[in-house]
Amino acid sequence: MGTEHTTPVIRLVGVEKTLGAQPVLKGVHLEIPRGKLTTIIGKSGGGKSVLLKHMIGLLRPDCGQVLVDGIDIARLSAHELNEVRKKFAMLFQGAALFDSLTVFENVAFPLREKSRLASAEVEPKVLEMLEAVGLTGMGHKFPAELSGGMRKRAGLARALVMGPEIILFDEPTTGLDPLLARTIHDLILETQRRFGFTAIMVSHEIPEIFGLSDYVAMLLDGVIAEMATAEAFQRTGHPGVREFIHVGRMPEPLFSAVGSGAQGR
Amino acid sequence: MVTTLVAGVGRKSLGILGEMGRMMVFLMSTVSWMARPPFRGMQVLKQIHFIGVKSLFVIALTGIFTGMVLGLQGYYSLRKFGAEGLLGSAVALSIIRELGPVLSALMVTGRAGSAMTAEIGIMRITEQIDALDTMAVSPMQYLIAPKVLAAVLIMPMLCSIFDLIGIYGGYLVGVHLLGVSSGAYISSMESSVEWKDVYGGWLKALSFGVIISWVCTYKGYHTTMSAEGLGTATTEAVVLASVVILMWDYFITSVLM
C-alpha cells in the first residue's frame, strides 16, 4: 500500500455502517499514514463524509474497529472519547462556525474551553492563527458577514489553534469557485507542511488533489477500492477507479466529432 | 388486512415508546452534565435574559387581559348570588393556582420554546453541534443544560409577574369599571388566598419550565437534516410541549389539592 515507512495513525478494520436502510460502508479497511496528507475520493453521497465522521467518533460503526494510535474509539465511553478527541480537529463542509460568536471568539473557543492558557495568552495566539489563514483584522466580524471562502479560512484557524495531531477536512472546497478552491488547497498544504499534522481530506476535486496529497484512497461501493501514493494512484489498473478519475480530468466532449481531439489529453 | 392493522398499531406504539425512552435518556443526560464542572454561569444568564426578560412584555399583556376578562366574567357570575364582594378572591385564586402558571408557560413555549428548537436545530443542520463534539465540548453541557436550568429558574418568576398583573387587571375591571368596592376586592383576596396556593403555583411553573426546555431542546437536537425537518421539529416542539403542559397540569393539580 506504500505506507511501509510510517506507522498508521488511524486504522480502520472492517468498518460497516448502515444508515436508515442503506448500507453505506461495507467493510472498510484503511490505514492513514502519520504526518501526511491523505485524500479520500469517491462519488457524491458515497459515504466519504460518513467515513470521516467515524474517524473522530461522531458516528460509531455497526461492526469493525476504528483504531486511533491503537485505541479502538468505537468502544470508548463519552469521556474517554473526549480525551482521544483532543488529538483531533475537524474542518466541516460549511465550516460550522458558531453563529453567535465573532470570528475571534470562534477561534478562541477551543483555547478557552480546553487549554489552561490565561486570557492574556489567548489573544496573541488567536491573532497569530488569523494571520496564518489570511484573516488579519477580521476578528470582530460575525460568521454571517463572511464569504464562503473566508468562513473556511476561519474554520481552518479554529482547527489549527490547538495544535492538533490530526485534522479532518470534509470537502473543504465545495461551493467555492476554482480560484478560491485553489487558494484553500494551497492554504491546507502550506499549513500541513508548516505544522506537520496528519491531514485527512475528503474531496472530489480531481485532478487538483493529486498535486496536493501524499496519498489518495478511493471509496467505491462502500469499500476502499484503491489506496496509493498520489503518483501511483493515477496509474491504477482498477477499472472503476480509472473511470472515476479520468472523467474528472477530461471535459466531456460536447460533440463526438470535436471529442476525438479532446481525448488526446 | 387485520394483520397489517395490528402490525401498524404495534409499529406506531413501539415508535412512541422508543421516542419516550430517548427523551427520558436525553433529560437524564442533561441533568448529569448539569452537575459536572465547568459550570456555565454566563450561558445560564444569557438564557435567563432570552427566556425571561424577553418574555416580559408578552407575559404582561396576556396577564392583564386574562385578569380583566376574569374580572368581567366573575362579576356577572357572582352578581347572580349577590356575592360581588368575593370577586377579588375569585380572580386571585384562579390566576394564582391555575391560569398564571399555565398561560405563562404556554406563552413562553410559543415565544422562547420555538426559538430554542430552531436555534438548536440550525446548529444541528450546520454541523455546529458536531463541531462542539469534535472539540471535546459536550453539547449537552454547553447548549442544553443552561437552557433547562434557566427555564427552571425563570418560570416561577414569570408566573409571579403574570399573577400580579392579572390580579391588577381584575381590579381594574371590577373596581374601576363595575363598581365593586376596592376594600372588598382586596380583603376577600387576603382572606382566601393561602401560601399553599402560591407555592403550588410556583411548583407548577417550575415543572413547566422543565417541560418546555426539555421538549423544545430535544426536538431541536434531533432535527433531521433539512429546512423542512427544522419546520416540522419546531411545530412538533410547540404542540408537544403545550399538550404535555396541560396534561401534567391536571396530574399535579390533583396531587396538590
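**View 1. About 1600 Å² is buried between chain A and chain B.** Carbon and sulfur atoms give 59% of that area. The model shown is predicted. On the chain A side, 21 residues are in contact with chain B, which contributes 17 residues.

**View 2. Four salt bridges cross the interface of chain A and chain B.** One pairs Arg40(B) with Glu113(A). Their closest N and O atoms lie 2.8 Å apart. Polar contacts also span the interface of chain A and chain B: six residue pairs are found, with both partners at pLDDT 80 or more.

**View 3. Helix H2 (78–85), strand E6 (88–91) and helix H3 (103–114) of chain A face chain B, each with at least two residues on the touching side.** H3(A) supplies the largest share, four residues. Sorted by class, the side of chain A that touches chain B holds ten nonpolar, four polar and seven charged residues.

**View 4. Within chain B, helix H6 (residues 139–177) packs against helix H7 (residues 182–192).** The angle between them is about 145°. Their axes are 10 Å apart. H6(B) passes H7(B) in a right-handed crossing.

**View 5. Side by side: the residues where H6(B) meets H7(B).** H6(B) brings Ile167(B), Gly170(B), Tyr171(B) and Val175(B). H7(B) answers with Ser182(B), Tyr185(B), Ile186(B) and Met189(B). Six residues of this contact are nonpolar and two are polar. No charged residue takes part in the contact of H6(B) with H7(B).

Note on methods: Residues are numbered from 1 along each chain as its sequence is written. Chains are lettered from A and ligands numbered from 1 in the order in which they are written. This is a predicted model: local features need pLDDT of at least 70, side-chain atom pairs count only at pLDDT 80 or more; totals for chains, interfaces and linings use all residues. Side-chain values use heavy atoms; hydrogens and water are left out. Contact means heavy atoms within 4.5 Å. Buried area is the accessible area (1.4 Å probe) that two parts lose on being put together, summed over both. A salt bridge is a side-chain nitrogen of Lys or Arg within 4 Å of a carboxyl oxygen of Asp or Glu. A polar contact is a pair of N or O atoms within 3.5 Å; within protein, one must be able to donate a hydrogen and the other to accept it, and residues adjacent in sequence count only if both atoms are side-chain atoms. Ala, Val, Leu, Ile, Met, Phe, Trp, Tyr, Cys and Pro count as nonpolar, Asp, Glu, Lys and Arg as charged, and the others, Gly among them, as polar. Axes are lines fitted to C-alpha atoms, for helices over the stretch in contact, and angles run from 0 to 180 degrees between N-to-C directions. A crossing is left-handed if the near helix is turned anticlockwise from the far one by less than a right angle, and right-handed if clockwise.
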